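Biologist: Please take one part of this model and go through it closely. I would like the cut-offs stated along with the values.

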Amino acid sequence: MTLEKNLRILEKEDLQAVLKVADPLEKAIVLTGTSSGLAANELCDLKVGDFKRGFDPNSGIVTLKLRRKKVSFDFMTFLTPEAAQAIEDYLSLRNIAKLKQ
């Protein structure tokens, strides 16, 4: 049985509060998940190439063409410009950290 507290739907203010304290990776994950509706395992399976292939520099929107492995179902979803920017920000920081090693 589902706990009553787990039935609460997050509000916009809840998301804003999380993003205020999130580090760049967390921000990219949260915005990607909320923007795309992907499940946790699908988020984990995303590759940088998926992002780069689907990025439209004119609109800032990312189109992801993916496959649900469990059911062999192809589908498409989208990332908002805000989510795309969060991913770009994280990848930039990650690349800088790699260069310093």
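Modeller: What follows is a close look at one helix, H2, and then at some ring contacts. The model is predicted, so local features need pLDDT of at least 70 and side-chain atom pairs count only at pLDDT 80 or more, while totals for chains, interfaces and linings use all residues. Residues are numbered from 1 along each chain as its sequence is written, and side-chain values use heavy atoms, with hydrogens and water left out.

Helix H2 covers residues 24-36; helices here are DSSP runs of H or I with at least four residues, and strands are runs of E with at least two, numbered from the N terminus. H2 has 13 residues and spans 18 Å from first to last C-alpha, close to the 18 Å expected at 1.5 Å a residue (1.5 Å times one less than the number of residues). At its start, a side-chain oxygen of Asp23 comes within 3.0 Å of the backbone nitrogen of Leu25. Just after H2, Gly37 has a positive phi of about 80°.

Buried in H2 are Ala28, Leu31, Thr32, Gly33 and Ser36 (under 20% relative accessible area, with exposed over 50% and partly exposed in between, for a 1.4 Å probe and protein chains only). Their cover includes helix H1 (12-21), helix H3 (40-45), strand S2 (73-79) and helix H5 (81-100).

As for rings, Arg68 lies over the face of Phe75, 4.2 Å from the ring centre (the rule asks for CZ of Arg or NZ of Lys within 6 Å of the centre and within 35 degrees of the ring normal).

Technical notes: Contact means heavy atoms within 4.5 Å. A polar contact is a pair of N or O atoms within 3.5 Å; within protein, one must be able to donate a hydrogen and the other to accept it, and residues adjacent in sequence count only if both atoms are side-chain atoms.
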